[in-house]
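Visitor: I would like to go through this model with you, taking one topic at a time. Please give your reasoning before each result.

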Amino acid sequence: MTTEKKERYRFIIMILLSIVVGSTVGIVGSLFHMSVDWVEHSKLSALDYFWPFEHYKWLPYVVSSTVMIFIAIHLVRLVAPEARGSGIQEIEGVLEDKREVNAIRTLFVKFFGGMLSLGSGMAMGREGPTVQIGGTLGQLLAETFHLKKDDLKTLIAAGAGAGLATTFNAPLAGILFVFEEMKKQFKYSYTSVQSVITASIVSTIVLYLIMGNYIDIPIKDLLTPQVYDLWIFVIFGIFFGVFGYIFNILLIAFSTFFANLNSYAFNFIILIIGIGIGLLLWMHPESVGQGYDVIHTTLSGTLPLGMLLLLFVVRFFVTMISYGTGAPGGIFAPMLALGVLFGFAFGIIVQELIPGFAIEPAVFAVVGMSALFSATVRAPLTGIVLVAELTMSFSLLLPLLITSLVATITVSAMGGRPIYTILLEKELEIAKFGRKKSNA
């Protein structure tokens with residue numbers, strides 16, 4: 001068989017396997033999405049319906065959140081440490097040959113641990129687990145067919161892209177995420193590129209078949225800003241560049257703090273965190289959780305400036321604490337919520353400072369989602385397309401581009417680095433410390 005025929009045969013095989021990966025990720029990702037929603041809603045409904053003691057209504061919230069968080073975190077610590085946190089950095093580590101992942105163990109812990117941590121009220125998102133589940137399913141399929149290393153990595157990347165596409169019903173963002181965020185690890189070729197595209201498209205089609213064609217964050221039609229008002233988005237981007245820089249530093253600081261605790265101190269603090277999240281879930285559900293509820297409420301325009309800023313501060317620290325514990329869960333959704341809260345507050349302040357300013361606060365809220373993603377992840381095109389697909393606000397592409405570009409330039413000028421690059425280095429450091437400790 002000639003080399004040309006071998007390559008053609010390999011291409012056909014990889015596309016067929018990418019279809020299998022995309023289909024599988026679409027099914028498992030949809031099930032994970034529905035499972036998390038079921039745990040969140042059934043838990044709250046059950047607590048309100050079956051608990052008869054009105055004066056102690058807070059107690060089942062505290063107990064259930066604490067137990068769920070404790071189980072989720074210890075599933076990671078005892079069964080699959082590679083399922084810690086988002087998992088996206090683990091996918092990048094595998095693609096760089098720096099990490100090894102037990103596929104079956106990781107899939108189990110990420111799925112069920114993610115259900116528990118997200119259902120408990122922790123400020124984490126389902127996108128990290130779904131991306132890692134997708135990449136791990138790609139790895140499992142490649143290992144089953146004993147593919148060569150390059151083809152194995154292609155299916156891992158294809159599964160990761162399909163995971164993001166499934167999470168947000170955003171196929172183009174899933175494709176761009178692999179090409180932009182994983183550009184250092186992804187080996188570009190015609191076959192690998194087409195495999196990623198195929199898997200993301202197929203996973204989205206499967207999502208449609210299971211859950212329907214929905215919009216995660218539907219918004220009303222927003223007026224496109226006039227050209228002479230676009231200067232404000234330069235300032236807005238600078239704010240988010242600085243905020244993104246601070247966000248990354250503190251996220252690593254919180255992760256380091258929890259990683260350095262001994263087991264007794266760690267368990268005691270997890271108990272306190274469970275109590276705190278349970279109380280917040282009881283008193284003000286929008287201050288915890290993935291963030292979709294607070295995004296919808298904010299975009300409705302019903303929250304005053306003071307409440308927006310208070311929710312922003314509370315959710316910021318709950319996000320830092322939640323991710324720092326190592327519980328399985330992502331940071332995209334919490335970042336989107338923070339971007340919306342800060343963006344809407346910024347829009348209100350601008351309207352008060354500049355009477356007659358024509359841009360609605362909701363415009364800044366939508367743009368803020370992309371800006372924070374761009375500043376922390378350093379994947380501006382992915383952030384722009386993701387927000388456009390999430391909200392169907394394609395008329396805001398120019399403000400999205402300006403703000404995300406300025407935010408990325410600002411954080412780069414400050415010496416900031418992509419969050420998943422830093423998180424991977426942190427995971428490698430933790431693993432190295434663990435090996436030294438076990439050998440001592």
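Guide: We can begin with one side chain, bearing in mind that the model is predicted. Thr-298 touches Leu-303, Leu-308, Val-340, Leu-341 and Phe-344, when residues up to four places away in sequence are not counted.

Visitor: Is Thr-298 buried or exposed?

Guide: Thr-298 belongs to helix 11, which covers residues 292-299. Its relative accessibility is 1%, and since buried means under 20%, Thr-298 counts as buried.

Visitor: Which backbone oxygen does the side chain of Thr-298 reach, and at what distance?

Guide: The side chain in question sits on a residue of helix 11, and a polar contact requires a pair of N or O atoms within 3.5 Å. The partner is the backbone oxygen of Val-294, which the side chain of Thr-298 reaches at 2.6 Å.

Visitor: Which residues have the most contacts inside the largest nonpolar core?

Guide: In soluble globular proteins, nonpolar side chains tend to be buried together. Here the largest nonpolar core has 116 residues, and its largest share, 13 residues, comes from helix 13, residues 332-353. Those with the most contacts inside this core are Phe-168, Phe-233 and Phe-332.

Visitor: What is Phe-233 in contact with, leaving aside its neighbours within four places in sequence?

Guide: Phe-233 is one of the residues with the most contacts inside the largest nonpolar core, and contact here means heavy atoms within 4.5 Å. With those sequence neighbours left aside, the partners of Phe-233 are Pro-225, Ile-359, Val-363, Phe-364, Val-367, Pro-399, Ile-402 and Thr-403.

Visitor: Turning to the surface, which element gives the largest share of the nonpolar patch?

Guide: The patch is formed by Tyr-56, Trp-58, Leu-59, Val-63, Val-67, Ile-71, Trp-282 and Met-283, which together have about 730 Å² of accessible area. Two or more of these residues come from helix 2 (58-78), and two or more from helix 10 (263-283). The largest share, 5 residues, comes from helix 2.

Visitor: Why can Val-67 be described as partly exposed?

Guide: Val-67 has its place in helix 2 and is one of the residues that form the nonpolar patch on the surface. Partly exposed covers the range between under 20% and over 50%, so Val-67 is partly exposed because its relative accessible area is 43%.

Visitor: How many residues apart are Asp-97 and Lys-153, which form a salt bridge?

Guide: The closest N and O atoms of this pair are 2.9 Å apart. Asp-97 lies in the loop between helix 3 (88-95) and helix 4 (103-119), whereas Lys-153 lies in helix 6 (residues 149-168), and the pair therefore links distant parts of the chain. Asp-97 is partly exposed at 46% relative accessible area, while Lys-153 is buried at 15%. Along the chain, the two are 56 residues apart.

Visitor: What is the N to O distance in the salt bridge where Glu-96 and Lys-98 meet?

Guide: Glu-96 counts as partly exposed at 23% relative accessibility, and Lys-98 also counts as partly exposed, at 48%. Their side chains meet in a salt bridge with an N to O distance of 3.0 Å.

Visitor: How far apart are the closest N and O atoms of Arg-417 and Glu-425?

Guide: Arg-417 has 36% relative accessibility and Glu-425 has 38%, and each counts as partly exposed. In the salt bridge between Arg-417 and Glu-425, the closest N and O atoms are apart by 2.5 Å.

Note on methods
Residues numbered from 1 in each chain as written. Predicted model: local features only at pLDDT ≥ 70, side-chain atom pairs only at ≥ 80, totals over all residues. Heavy atoms only, no water. Patch = residues over 30% accessible without salt bridge, like charges linked within 9 Å, V, L, I, M, F, W, Y side chains within 5 Å. Areas by Shrake-Rupley, 256 points an atom, 1.4 Å probe, with all protein chains shown as cover. Salt bridge = Lys/Arg side-chain N within 4 Å of Asp/Glu carboxyl O. Helix = DSSP H or I, 4+ residues; strand = E, 2+ residues; numbered from the N terminus. Buried < 20%, exposed > 50% of the residue type's maximum accessible area, 1.4 Å probe, protein only. Core = buried A, V, L, I, M, F, W, Y, C linked by side-chain atoms within 4.5 Å. Polar contact = N/O pair within 3.5 Å; in protein donor to acceptor, adjacent residues only side chain to side chain.
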